[in-house]
Amino acid sequence: TTSSSSSTAPRMKITNGRWKLSEDPDDRKDGLWIWGLFKEPLYPFLLLQIETDEYPISGVEEDSLKPLRLYAQVDHKRDKETGEVELGVASLNLREIEQMKADPFGAAKVEIFEEVKVGQLTFRPYDAKET
């Protein structure tokens, strides 16, 4: 895919992805489900997962980046006056996963991950006139 501003710039190919409206996954507390009894449930975050294809790096050795799985937690809100959805700027992250023993005997294991920022994700409304 190319855009008018950078028609020759190479792009990573997205092979798969998914999204989910959610509460803060790091701070669930009692949850926002109770608001569903009174009005539309509130989900202030869009959790996004994007999988990419292998990305060739031009050069003598023909290196490439392996396929990536990227994650973002995007602020999600609805403008009260217009009803339009507004998506905020988000960090684009890779997850470095480490497997650890969950008991002293090593029978049970748990995966712990740390998110490493690799970029930034912004959204803009689609304008059919630009195509």
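Over the face of which residue does arginine 95 lie, at 3.7 Å from the ring centre? In the predicted model examined here, that residue is tyrosine 71. Arginine 95 also lies over the face of phenylalanine 113, where the distance to the ring centre is 4.3 Å. The structure nevertheless holds zero aromatic pairs.

The overall architecture was considered next. The secondary structure of the chain comprises eight strands and zero helices, and the order of elements from the N terminus is accordingly β-β-β-β-β-β-β-β. The chain has 131 residues, of which 15% count as buried. Its exposed area is about 11,200 Å², with 52% supplied by carbon and sulfur atoms. When contacts between residues at least 6 apart in sequence are considered, 45% of them join residues at least 24 apart.

Two salt bridges are present in the structure. In one of them, the side chains of glutamate 115 and arginine 95 meet at 2.8 Å, N to O. Glutamate 115 belongs to strand S8 and arginine 95 to strand S7 (residues 90-101), so this pair ties together parts that are 20 residues apart in sequence. With a relative accessibility of 35%, glutamate 115 counts as partly exposed. Arginine 95 is assigned to the partly exposed class because its relative accessibility is 33%, a value that falls between the limits of 20% and 50%. Arginine 95 thus combines a salt bridge to glutamate 115 with positions over the rings of tyrosine 71 and phenylalanine 113.

The side chains of arginine 69 and glutamate 51 form a salt bridge as well, at 3.3 Å, N to O. This pair links distant parts of the chain, with arginine 69 in strand S5 (residues 69-78), glutamate 51 in strand S2, and their positions 18 residues apart in sequence. Arginine 69 is partly exposed, since its relative accessible area is 43%. In general terms, side chains of opposite charge can pair when their charged atoms come close.

The surroundings of glutamate 51 extend beyond this bridge. Strand S2, in which glutamate 51 is found, covers residues 45-52. A polar contact of 3.3 Å joins the side chain of glutamate 51 to that of glutamine 49. With residues up to four places away in sequence left aside, glutamate 51 touches Lys13, Ile14, Thr15, Asn16, Leu68 and Arg69. The last residue in that list, Arg69, is also the salt-bridge partner of glutamate 51.

Strand S8 contains valine 110 in addition to glutamate 115. Valine 110 has a relative accessible area of 38% and is therefore partly exposed. Not counting residues up to four places away in sequence, the contacts of valine 110 are Glu98, Gln99, Met100 and Ala102. For valine 110 and glutamate 98, the C-alpha to C-alpha distance is 8.4 Å, and the two residues are twelve residues apart in sequence.

The segment after strand S8 (109-121) holds proline 125. Is proline 125 buried or exposed? Its relative accessible area is 76%, and proline 125 is therefore exposed, the limit for this class being over 50%. Although proline 125 and valine 85 are 40 residues apart in sequence, their C-alpha atoms are 9.5 Å apart in space.

Conventions: Residues numbered from 1 in each chain as written. Predicted model: local features only at pLDDT ≥ 70, side-chain atom pairs only at ≥ 80, totals over all residues. Heavy atoms only, no water. Helix = DSSP H or I, 4+ residues; strand = E, 2+ residues; numbered from the N terminus. Buried < 20%, exposed > 50% of the residue type's maximum accessible area, 1.4 Å probe, protein only. Contact = heavy atoms within 4.5 Å. Areas by Shrake-Rupley, 256 points an atom, 1.4 Å probe, with all protein chains shown as cover. Polar contact = N/O pair within 3.5 Å; in protein donor to acceptor, adjacent residues only side chain to side chain. Phe/Tyr/Trp six-rings, centres within 6.5 Å; stacked < 30°, edge-to-face > 60°. Lys NZ or Arg CZ within 6 Å of the ring centre and 35° of its normal. Salt bridge = Lys/Arg side-chain N within 4 Å of Asp/Glu carboxyl O.
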